[in-house]
Every structure is written in structure tokens, then in C-alpha cells.
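Please look over the sequence and coordinates below before reading my comments. They concern aromatic contacts, charges over rings and one acidic side chain.

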Amino acid sequence: MPKNLVIVESPAKAKTIEKFLGKDYQVESSFGHIADLPSKELGVDVDKNFEPKYIVDREKKALVKKLKDLAKKADIIWLASDEDREGEAISWHLAEQLGLDREKTKRIVFNSITKSAIQKAIENPRTINYDLVNAQQARRVLDRLVGYELSPVLWKKIKPGLSAGRVQSVAVRLIVEREREIDAFDPQASFRIKASFKTADGKNFDAKLNKAFESKQAAEDFLKNNIGADFSVAKLDKKPAKKSPAAPFTTSTLQQEASRKLYFSVGRTMQVAQRLYEAGLITYMRTDSVNLSQEALNAAKSAIVSNYGEEYSTVRNYTGKSKGAQEAHEAIRPTDMNLQSSNLERDQAKLYELIWKRTLASQMSDAQLERTNVRIESNGHSEEFTANGEVVTFDGFLKVYLEGVDEEDAVEQEGMLPAMRVGEQLHNNYISATERFSRPPYRYTEASLVKKLEELGIGRPSTYAPTISTIQNREYVQKGAIEGTERSYAELVLESGELTEKKLSEMVGSDKGKLVPTDIGMIVNDFLVNHFTNILDYNFTAKLEEDFDEIASGDEDWQKVMREFYENFHPTVLDVEENAERASGERVLGTDPKTGRQVAARLGRFGPMVQIGTVEEEEKPLFASLLPDQSISTITYEEAMELFQLPKKLGVYEGEEVETNVGRYGPYVRFGKKFISLDRGESAFDVDMERAIELIKEKQKADAPIANYEGKDVTKGVGRFGPFIKWDGMFINVNKKYDFDNLSQTDIQELIETKKQKEKEKLVQSWPEEGIRIEKARWGRHNVIKGRIKVELSKDVDAAQLSLEAAKELIDKKTPKRKTKTKAKAK
């Protein structure tokens with residue numbers, strides 16, 4: 001039996017650490033927290049100084065018993081969870097729940113999983129830092145108080161099943177306020193002037209006028225002043241300039257840059273970074289520090305000199321802006337600066353390379369530039385055109401990496417200018433005046449929202465990704481899918497003394513991939529802002545983060561912070577619950593011409609809807625759900641009345657009813673029990689019987705078997721995720737390796753057999769008599785499945801050890817309860 005027991009929080013981390021420790025060490029995983037607040041009650045005694053009630057989940061009891069038994073037999077127990085507040089709390093819970101002897105328990109921390117880092121940690125153990133534990137407890141308890149007390153108010157005043165969170169609600173507020181700024185924005189048109197010139201040597205370049213004209217007439221008058229004019233170089237300036245590299249990555253900047261360059265979501269970035277850390281390839285990925293250790297500085301310098309030469313190396317020490325750096329005390333960097341790439345999965349390889357380049361570039365020399373500014377005068381008017389050029393004279397860090405920019409911060413890139421001299425005559429190729437419109441604020445992306453939260457001091461490295469996933473899972477916010485609308489604009493062109501006008505168009509207002517508030521998100525936000533001003537106040541939320549930082553540094557008492565918060569918060573909750581009006585976001589649109597009854601858009605029990613009539617009237621109101629791309633705040637009266645035409649019955653075909661409607665995934669034709677999606681751009685209101693039959697025939701042809709395998713039909717189709725074949729209830733993706741239009745029997749056999757093998761490998765446990773199984777999912781997760789019900793296990797649950805009873809309990813919780821039908825006046 002090994003004398004040393006090392007406990008970490010994840011199996012992947014345990015596997016990597018095991019490689020570095022000898023046979024005297026046994027490494028086990030706690031699978032995250034082994035104790036937490038109960039899920040079905042508040043779990044905080046507000047009358048007893050906010051004492052939390054921690055329990056061991058039923059799923060964790062076997063694991064706790066195993067760790068307890070191992071701890072009794074070991075001479076020393078090493079608690080090696082992550083070095084942030086969450087990791088400290090995990091170690092504390094282990095010490096408490098396992099009843100560890102303080103004399104034989106040691107706490108070790110390291111910010112990278114390498115042999116030298118772990119050896120150094122073992123040589124320098126410490127005790128549990130209770131200030132860090134209390135900072136984690138304070139956040140957990142306060143967030144539990146907010147969630148448990150606010151959510152029932154939302155159920156009562158808006159809609160059952162809603163929930164509120166402290167940081168999440170503030171994030172939603174930012175998105176709602178940005179959307180309203182966009183809605184209220186009135187674009188102003190102006191005409192911008194651009195010219196193309198040719199030098200005496202025949203080289204072309206572009207220049208612009210540093211002013212815009214507010215009207216088409218003013219722009220036209222200016223262009224006319226240039227007819228027959230002569231142009232020459234009035235002034236030419238050349239100045240040296242430099243560009244400096246960005247600091248190494250923090251959690252926030254990694255999330256932003258991975259979004260810009262790799263198109264990763266914030267959650268995906270953190271999942272991939274976690275795997276790189278657990279594999280020992282990068283340092284700890286939850287940090288707000290830009291500092292690099294002396295060891296890292298030396299390694300970076302050595303790699304730069306070796307790869308690029310001495311002149312490319314400049315040792316730099318960066319200082320972070322973060323006030324209370326509560327996480328790891330080093331930036332995110334590779335553990336081996338000489339390892340540019342590794343044999344990794346595609347996502348891991350991409351993110352690792354990004355981190356390697358950014359770290360190395362941060363220790364490289366400035367890029368040296370020469371900037372040229374040319375002013376061009378005309379004898380036809382007093383305005384001057386300007387042209388700017390930029391030449392890199394020494395690439396420095398640009399040899400490796402250049403930081404990306406957000407859409408709103410993008411500037412036009414400057415190219416090289418041809419050689420010119422003051423007084424040189426220039427030939428004008430053309431001058432254009434293009435109508436341009438002022439732009440509304442940009443919608444937030446996940447990355448730009450993280451940037452804004454960090455600027456406001458809201459949240460910390462460990463909270464950004466969960467915050468953003470939570471507000472989307474709660475359907476308060478969604479990723480936009482609108483590609484934009486067409487807008488026309490005018491362009492005047494003066495060329496060879498002739499003035500012409502072109503009518504052009506552009507796409508504007510795209511929200512694809514941007515964060516857009518839903519109706520329910522707006523209504524919940526408005527209710528909370530109106531009634532819980534403090535909770536939704538940016539400064540108040542940032543002040544709480546500072547309080548947590550002070551608790552972590554030992555300068556503040558966590559229970560005092562809880563008390564001060566709750567003394568103001570709880571009475572407000574009681575008052576709002578008692579006195580506030582219900583909120584539905586109702587917007588009156590007009591009157592029904594047939595009945596004279598009110599038409600309004602509002603939130604109902606089953607989501608946003610339009611209603612004819614009111615509950616006070618004797619006749620029952622009529623209801624129609626809004627379409628997925630419609631909103632309570634923007635739907636028009638005409639669009640609302642059109643909704644009452646759905647579902648639109650078209651007739652009968654082959655003995656089955658045919659109708660059009662709109663569902664979760666857009667407009668469709670229903671033919672008996674089959675649902676056929678309409679083509680992009682088609683409307684459920686416009687499809688007639690002839691078009692419906694056309695779609696039905698196409699579907700019938702597509703659904704006809706293309707082959708038979710093991711006595712079962714094989715069909716094919718194209719779905720949301722591309723082409724597939726279907727066999728024995730299984731959907732099998734067909735990749736580009738195959739000719740989808742001409743699949744051979746050999747292709748079909750290969751696809752099916754490969755899928756069958758993958759399904760076998762996915763299976764972890766199965767109880768066929770109960771119809772329940774546990775399968776591997778993406779990102780190392782596991783799902784419990786019964787029929788169409790799927791429950792994702794948290795990463796701290798050992799899927800191989802989960803009992804049938806525990807699996808049944810999870811399925812039962814997820815199974816929708818049958819509702820008794822009752823007559824009601826309103827939805």
C-alpha cells in the first residue's frame with residue numbers, strides 16, 4: 001500500500017500527475033466538490049450567522065467512503081486541488097468530510113502539471129488557506145440567497161419556472177440595454193469622399209477627404225469643383241513609429257482572442273484549455289494575472305534567440321489592471337516554450353498554438369515602422385486630400401503574432417505609398433462621394449461581453465464562462481440568426497470630367513452569432529431593474545466582487561458581508577412579493593376589425609403570444625404564439641393578425657390532411673404525421689396546395705429506401721448537420737469522403753459498421769430491462785439516456801460506478817410531469 005495519498009479534483013489531472021510520482025504515491029480524484037449546499041432547500045441558516053449546510057450527494061457517497069478508507073491507510077494525505085478559491089474549498093471539504101488528521105494532511109498547489117512544478121509543491125507544502133475558503137463560501141452563499149429568494153418572486157409575478165442570479169442578471173441587463181440602444185438609434189446619412197491618383201511614375205494610390213458632406217447636393221457641388229482641376233503634393237511627412245506586443249493571456253483575453261481568431265465560444269475555449277492544463281501543456285487557465293515567472297521569461301528568451309536571433313528578444317514584465325487578482329498568479333502560458341505544437345486533437349492544437357505564439361510574442365522586440373502622410377491640394381478648392389502609408393522596417397514580434405481586434409474597434413489597414421516629392425503633379429483617376437450611414441452600437445458577442453464584464457469589475461476568471469452559458473440555457477439571451485436587411489445607398493463618381501450616379505445596396509443589421517435578448521429576458525430584466533435596483537446595479541455588483549477579494553486576503557469577515565447584504569435584500573424581496581404588479585410586457589397593438597376587441601402582444605404561460613380580447617370580457621380571449629423570429633417589442637399589428645391564420649389548412653392529398661404552420665425550427669408543411677421544412681425564404685402563409693404537393697413528393701422520393709442492410713431498409717436525407725443515412729433508427733452522418741449522391745453498398749456497409757462500433761465504444765453501462773443506458777458524450781462528459789430523455793452527468797460523477805437507482809432518479813427528475821387539463825381564462 002503506498003504511503004502517500006494524493007487527491008486532485010479531476011481524473012485527467014490525476015492521470016497526468018501519476019506519471020511524475022513514484023510507487024510510493026497513489027493519486028485519486030474527488031471528481032470536483034464532494035460536498036455542496038443541498039439542491040432542494042436554501043441550505044443556509046440566515047438566523048445562525050449564515051451558516052451553510054453542506055451535504056454529500058447520494059451519487060458521491062461511495063466515492064467518499066473509498067477516499068476515507070484510503071486516507072486511513074496512508075501516512076500522508078496531499079490535497080492537490082487547483083490553486084484558486086474553488087480549489088481551496090474542494091480541499092477544505094475533503095479535509096472535513098473525510099475527517100482528515102491535520103498532522104498528516106498537507107496542502108500543495110502548482111500552476112502547471114509538470115514534474116518540476118509538482119516536485120517543488122511537495123517540497124513546499126502549506127495548510128489550507130481559510131481566507132480563500134471563506135471567499136468561496138461567501139460567493140456560494142450570497143448567490144444561493146439571491147437565487148432562492150428572487151426566483152419564487154419571478155414565478156409569482158411573471159411566469160413559473162424562471163430563475164435569477166446575481167452576476168447573470170447583470171449580464172442580461174447589459175445585453176438588454178445594448179439592444180434598446182440599437183432599437184432607438186436613428187442612422188444619419190452623410191457622403192464621404194475618396195479619390196484615386198496616379199504619380200508621374202504611373203503608380204496608383206488612394207486618398208480621402210477628412211470631412212463628410214451632410215447632403216447629396218453638397219457632395220455633388222464639391223465634386224463639380226474638381227472638374228478640370230490640377231492636383232499636386234502639398235506636404236509629405238515621414239515619421240518612425242513602433243508597435244508593441246500584447247501581454248500574455250489572462251482568462252478574459254484568451255476567451256476574446258479565441259473567439260476572434262478561432263471562432264470558439266467562451267465555454268468551448270475553457271473546456272479545451274482545461275484539457276491542455278490537465279495534460280501538463282499549459283499553466284492554470286483561470287487567472288487574471290499577466291505576470292510570467294522568471295523561469296518562463298528565461299525559457300521564452302532562449303526559444304526566441306534560438307529561433308529568430310538575439311535582435312528579436314526583449315524581456316518584458318507586464319503589470320495587470322486587475323485590482324484583486326484572486327486566481328493563479330501567472331499568465332496562461334505553455335509549460336515548455338520550445339514545444340510549438342504537439343500531437344493533439346484539432347481544437348487543442350489550435351488553442352495551444354495561439355497560447356504559444358502570444359506568450360513568445362510578448363517577450364519579443366517592438367516592430368519598427370515608417371509612417372508616411374501625404375497631403376494633396378487642388379487649384380479648384382481649398383480642401384486637401386490625405387493619404388497615409390505604413391512600411392514595416394523591422395518585423396519584431398509581428399514575425400510570430402498580431403493581436404486581433406473586435407468589429408467595433410477595427411480600423412482600415414494602411415498600405416504602402418509610392419515614392420513622391422512635394423510639388424509633384426498628380427493625375428486624378430476619379431473622385432467618388434459615397435453615401436454612408438452612422439452605425440448603431442454593436443451587439444455583444446460572447447467575447448466582447450466578457451471584456452465589458454471585466455471592465456466593470458463584475459465576475460472573475462472562474463465565472464465568465466458559466467455566466468454566459470447560464471443566460472443562454474435559461475433562454476434570457478440567444479445567439480442571433482438574422483443575416484441582415486438590404487439598404488440602398490447612392491454613390492456619385494467624377495471620372496474624366498463626367499459626373500455619374502450609381503444606386504447600390506448593402507446588408508445591414510446582421511445579428512448572426514451575436515447575443516440578443518429574448519422577450520422573456522427583457523421582461524425579467526425590466527422587472528428586476530424596477531424592483532431590485534441594487535442587485536442589478538453595476539457598481540454594487542462590482543463592489544461585492546471587491547468584498548470577496550478582501551475576504552480572500554483576510555481583510556474582511558465573510559459573515560459580516562452576508563449580514564450587510566441580507567439586511568437590505570430580504571425586506572425588499574418581501575415587499576415586492578406582496579405589492580408589485582404582475583409583469584407580462586404587454587403591448588397593445590390595436591383593435592380586431594371583426595369584434596372590436598383589443599389586440600395585444602404579451603408573455604403568456606407558454607411564451608410570447610398575441611391575444612385578441614382581455615380576461616375581463618365575457619367572451620374568452622383568442623391566442624396565437626409568436627413565430628421564432630418575432631418579438632413582443634417589435635411585432636406589428638398586421639403581423640399579429642396574420643398569426644391567427646395558422647395552422648393554414650390546404651386540403652387533402654393521398655387521404656392525408658395537408659396544412660402549413662411554423663414550429664421551433666421554422667415554417668413547415670404537415671402531411672399526415674410527416675413534417676416537411678420549407679425552403680429558406682419561404683413563408684407558411686404563402687405556400688399553396690400545389691407547392692405543398694411538390695414538397696411532399698420530394699420528401700417521399702428522398703425517404704424511399706436506397707438499400708437494404710441486414711434485412712432493414714436504409715434511407716438518406718439532409719438535416720441540420722448535413723447529409724446522413726438512416727438505418728435501424730440510427731442517423732449516420734455521411735462525410736465528404738463519400739459521394740452522397742452515389743453511395744455504393746460497400747459505402748453503406750462501411751458507414752453502418754463504423755457507427756455500430758462507435759455506439760459500442762460509447763456505452764458505459766446498460767440496463768436493457770429498464771431501457772436505461774449511460775453513454776460517453778463530448779468533452780469527456782456522460783449522458784444517462786432513456787428513450788428521448790437525456791440527462792448530462794456532472795463531470796464529478798463517476799459514470800461507471802453510478803447505480804441503477806441513481807440513474808432512475810435522474811431520469812425521473814427530467815421526465816415531464818403530466819398536467820391535468822383545466823379550463824382557464826388566459827394562457
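The numbered points below take these topics in turn.

1. The coordinates come from a predicted model, and the remarks that follow should be read with that in mind.

2. The structure holds 18 aromatic pairs, and one of them is formed by Tyr 709 and Trp 727, whose rings meet edge-to-face with 5.7 Å from centre to centre and 65 degrees between the planes. Tyr 709 belongs to strand E25 (residues 707-709) and Trp 727 to strand E27 (residues 722-727), so this pair ties together parts that are 18 residues apart in sequence.

3. Both partners of that pair can be assessed for burial: Tyr 709 has a relative accessibility of 10% and therefore counts as buried, and Trp 727, at 3%, also counts as buried, because buried means under 20% relative accessible area.

4. Elsewhere, one aromatic cluster is made up of Phe 197, Phe 205, Phe 213, Phe 222, Phe 231 and Phe 385.

5. Two lysines deserve a mention for their placement over rings: Lys 261 lies over the face of Tyr 401, at 4.0 Å from the ring centre, while Lys 716 lies over the face of Phe 740, at 4.5 Å from the ring centre.

6. Is Glu 179, a residue of helix H6 (residues 166-184), buried or exposed? With a relative accessible area of 7%, Glu 179 is buried. Leaving aside residues up to four places away in sequence, Glu 179 touches Arg 443, Val 516, Pro 517 and Met 522.

Terms used:
Residues numbered from 1 in each chain as written. Predicted model: local features only at pLDDT ≥ 70, side-chain atom pairs only at ≥ 80, totals over all residues. Heavy atoms only, no water. Phe/Tyr/Trp six-rings, centres within 6.5 Å; stacked < 30°, edge-to-face > 60°. Helix = DSSP H or I, 4+ residues; strand = E, 2+ residues; numbered from the N terminus. Buried < 20%, exposed > 50% of the residue type's maximum accessible area, 1.4 Å probe, protein only. Lys NZ or Arg CZ within 6 Å of the ring centre and 35° of its normal. Contact = heavy atoms within 4.5 Å.
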